[in-house]
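I opened this entry to go through charged side chains and internal space. My notes follow in the order I looked things up.

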Amino acid sequence: MTATTADVWLPFPAEEIDGLPENLNYLFWGGGTEYPGNPADCAYYVVPYMKGPEIAQRPLAAMSGVQVVQTLSAGIDHVEPGLGLLPAGVRLCNAKGVHEASTAELTLALILASLRGFPGFVHGQDKEEWRSGFYPALADKSVLIVGYGSIGSAIEDRLAPFECARVARVARSARTTARGPVHTLDDLPALLPEADVVILSTPLNPSTQGLVGADFLAAMPDGALLVNVARGGVVDTKALLSELESGRLRAALDVTNPEPLPQGHPLWHAPNVLITPHVGGSTSAFEPRAKRLLAAQLTRFAAGEPVRNVVTTTG
């Protein structure tokens, strides 16, 4: 199959995306029960956004001619279990560059809302209660970012004006940036006791599954705030509940495990927790950035040039 005869499955109608190359056959599929064409003819599959792993993986087994699988999320954990269904040499690309602004915005909103007591103010407004008092500020706090990729870096961009005492960074590999060193996960035991705010923006993979367990949480200082904009599976929910219910730690969570959080789950009503329903990337900023990414990627694909944001290639 050549690029000039290739089917491309898009989660947006092609006419809504400026700059698409003309020599590809575009088919719209938003995750419905009916496929827009024969999956075997699909060369470039753009996974429907926020439709869950069952829909994301459903056509993979039949995609015998696919060359690129493109997610519109930063994470790939909803697609990764189905990669074994694909032929060798398929490139899996993520949406680096699409979600940084929105996720970083939400991260700062969660931090500020939690520290400054916004949930209590909302409850007070409902009851017509004037809940004045002194609340923690982000200024002078020590912040630790666990997962210092493009989203972690974007979060630090937005922390810069808030006069934090320091920002420490952790990623898979140690390196030096213009802002300072990036540590590895092995350095967490030394970094956590100094962190007033711990931000999780790491991918979910075998090295981060359950990373934030009882030992991790116990190393955080009393009164510290855990902010999770990564994946729910990074955190041991039972261990977090224990810390929240004791009143020792606070949390602001855009993701949970399980997710969606079911009715009756104790996390809903745990003290000192603010929960948002996985909306880190779901803003007005998503669609224009996603469409620009697709136009750029497909232009490269049609021209026979290497696509970008390749996370892994099937073997």
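**Salt bridges**

I started with Glu16, which forms a salt bridge with Lys291; the closest N and O atoms are 3.7 Å apart. Glu16 sits in the loop between β1 (7-10) and β2 (25-28), and Lys291 in helix α8 (residues 286-302), so this pair ties together parts 275 residues apart in sequence. I am working with a predicted model.

I then checked accessibility for both partners. Glu16 counts as partly exposed because its relative accessibility is 43%. Lys291 is at 13%, so it counts as buried.

How many salt bridges does a search of the whole structure find? I got ten.

Next I looked at Arg248. Its side chain meets that of Asp222 in a salt bridge, at 2.9 Å from N to O. This pair, too, links distant parts of the chain. Arg248 is in the loop between α7 (237-246) and β12, while Asp222 is in the loop between α6 (214-219) and β11 (225-228). They are 26 residues apart. Asp222 has 64% relative accessibility and therefore counts as exposed.

Arg248 also has a salt bridge with Glu243, with the closest N and O atoms 2.9 Å apart. Are Glu243 and Arg248 buried or exposed? I found Glu243 buried, and Arg248 buried as well.

I also noted a network. Glu156, Asp157, Arg169 and Arg179 are joined into one by salt bridges that share partners.

**Asp254**

I turned to an acidic residue without such a partner. Asp254 is buried yet has no salt bridge. Which side chain of opposite charge is nearest to Asp254, and how far away is it? I found Arg231, 7.4 Å away. The cut-off for a salt bridge is 4 Å, so a pair at a greater distance is not counted.

I placed Asp254 in the loop between β12 (250-253) and β13 (273-275). I then listed its contacts, leaving aside neighbours within four places in sequence. Asp254 touches Leu106 and Leu110, then Asn228 and Val229. The rest of the list is Thr276, Pro277, His278, Val279 and Gly280.

**Cavity**

I searched the whole structure for cavities of 30 Å³ or more and found one. The largest cavity holds about 50 Å³ of space.

Which residues line the largest cavity? I recorded Asn228, Gly232, Val235, Thr237, Leu240, Leu253, Val255, Thr256, Asn257 and Leu267. I sorted this lining by type: five nonpolar, five polar and no charged residues. Asn228 belongs to the lining and is also among the contacts of Asp254.

Note on methods
Residues numbered from 1 in each chain as written. Predicted model: local features only at pLDDT ≥ 70, side-chain atom pairs only at ≥ 80, totals over all residues. Heavy atoms only, no water. Helix = DSSP H or I, 4+ residues; strand = E, 2+ residues; numbered from the N terminus. Buried < 20%, exposed > 50% of the residue type's maximum accessible area, 1.4 Å probe, protein only. Lys, Arg positive; Asp, Glu negative; His and termini not counted. Contact = heavy atoms within 4.5 Å. 1 Å grid on protein atoms, 1.4 Å probe; cavity = no way out; pocket = protein on both sides within 12 Å on 5 of 7 lines; lining within 4 Å. Points joined across faces, edges and corners; volume = space filled by probe spheres on them. Nonpolar A, V, L, I, M, F, W, Y, C, P; charged D, E, K, R; others polar.
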